[in-house]
Amino acid sequence: MHKITEISLTTASLLLLPVQPVWALTADKITGLSTNVVFIITIIVSIIFGLILARVAAENRQAKGRMLVTKTKNRGELNPNEILQELKGLSGSAKNQKKAAVALSSLLDEKVKEKVTSVRQELTDKYGKLVEEKSKVAAEAQKKFKKTLNEKKQTEAIVRSVAAGVVVVNNKGEVLLMNPAAEKLLNTKKEEKIGHSLTEDAREEQLISLAKTTSLDGETDIEIDSNEDTKKILRSSSAVIEDENGQTVGMVTVLNDITKQKELDNMKSQFLSNVTHELRNPIGAIKQSIAVILEGTAGELTEPQHKFLSNAKRNLDRLSALVDDILDLSKLEAKKMDITLKMTAISKIVDEVCETLDTWTKNKEIRIVKDVEKDLQEINVDPDRIIQVLMNIISNAIKFTPQDGTITIGAKLSEEKGKMAVSISDTGIGIAQDDLPKIFGKFQQAKNRSAGDKSGTGLGLTIAQELVELHGGKISVDSEEGKGTTFTFTLSMNLTEESSAK
């Protein structure tokens, strides 16, 4: 410091020297002056260079400090020796550097421990709550599982105790459930069928064949072939199982053994067939005799006699129609009804039916409208049997349609390929919704039939259904009380003798 001051004073004194003109200086003086100027410039440059070095050293110390903190953060650990090595390049004594390193290490260790403790507590709280929630969910799931298991056991117990056979299959047709009654009816074991198709690996006596649909509610009769003389007949009632999205996931079927019931029905049908066949001849003879008497051939009749004989003739006609219907139904059920197919225009059949019923409709003041699609191709049917179908349906329409009503007969190509659709609509009193499912049953009559002007046998629609199915079609009804009824049936456009016999 003293040296620098001395140099500064010397420099100042030199600067204060009197300035003399150049021409007044001697050679020795010029030489001395140059030496002094060089010395002064050297001093000034040294001072500036020293200041620059001091500045660089300070920046180096700051950089090393930042590097130390960075290393500490990256490693996640503190080592006083390492910190001491880093601090050796800093200013100060070694003792102070060591104290600084220890203090810095302790401070950072404390901060790291505080941070670790804080994070650990935060994670403990967070995952503690999560574990608690999961435990609650697991407990609730366990509770629901136990409840479902108990319900499953109760359901299985109920299904096992049901007298009817119960079979549940999935949407692939694989058996999911089968109760003991179904095992007995199908002569199989559920262990052999669970997870497999019902007909897979079936023995000859287990083969199932579809017999016929017996009603509109989906009930079906099936025959099971066996080595016995009498085939086992089961009545199957099925229902589709859907999930919450409406997708079909399976089907449940209830089976009942109706073999004895079918035997009794066959015996009853055979008895009715024999009795009605035997009645046809005497009824025919009585009708002819009454007709001769009414003509006056046997003598003139009084008015009361003519009235009673006319009443007897009408009842005989009804009895004859009943006998004919029973015989026809017996033949249809026994698959012995003969039909003669020929190419016929449906419009000609409709015209013939309308001509036959013309007198009746005029007396009742009912209008018949024909709505047959133009240029319909001829269809291969038995015209007499189709006329019988139309007569049975239209007769009912006339009976239950009030005066000034309308009956519309329509025919067109069906939306179903290879089919023709025929419809009969009326503006009559209609049919109650509860009666619709059984309207095609034998001897079934709607509750409001008393409103008609003539009673029937209750077999007309049953026969119509059988004849339509014999022609490869189906019949349906749509009605609303007070707004009329519409019967619709289809006929196969390509019917053959072989296909009609099936």
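The exchange below deals with helix H7 and the second largest cavity of a predicted model.

Student: How do you know that the length of H7 fits a helix?
Tutor: H7, a DSSP run (H or I, at least four residues; numbered from the N terminus), covers residues 259-294. The expected span is 1.5 Å times one less than the number of residues, so the 36 residues should span 52 Å, and the end C-alpha atoms are 51 Å apart, which agrees.

Student: What makes Arg280 a bend in H7?
Tutor: The angle between axes fitted to the seven residues ending there and the seven starting there is about 30° at Arg280. Pro282 follows within four residues.

Student: Why are Ser269 and Ile283 called buried?
Tutor: Buried means under 20% relative accessible area (1.4 Å probe, protein chains only), and Ser269 and Ile283 are among the H7 residues in that class, therefore they are called buried.

Student: What makes the second largest cavity a cavity?
Tutor: On a 1 Å grid over the protein atoms alone, a cavity is a set of points where a 1.4 Å probe fits but cannot get out. The volume, the space filled by probe spheres set on the points, is about 90 Å³ here.

Student: Which element gives the largest share of the lining of the second largest cavity?
Tutor: H8 does, with four residues. Lining residues have an atom within 4 Å of a point, and they include Lys268, Ser269 and Leu272 as well as Ile326 and Leu329.

Student: Which limits apply to the model?
Tutor: Residues are numbered from 1 along each chain as its sequence is written, and side-chain values use heavy atoms, without hydrogens and water. In this predicted model local features need pLDDT of at least 70 and side-chain atom pairs count only at pLDDT 80 or more, while totals for chains, interfaces and linings use all residues.

Note on methods
Helices (H or I, at least four residues) and strands (E, at least two) are DSSP runs, numbered from the N terminus. Buried means under 20% relative accessible area, exposed over 50%, partly exposed in between (1.4 Å probe, protein chains only). On a 1 Å grid over the protein atoms alone, a cavity is a set of points where a 1.4 Å probe fits but cannot get out, and a pocket is an open set with protein on both sides within 12 Å along at least five of seven lines; lining residues have an atom within 4 Å of a point.
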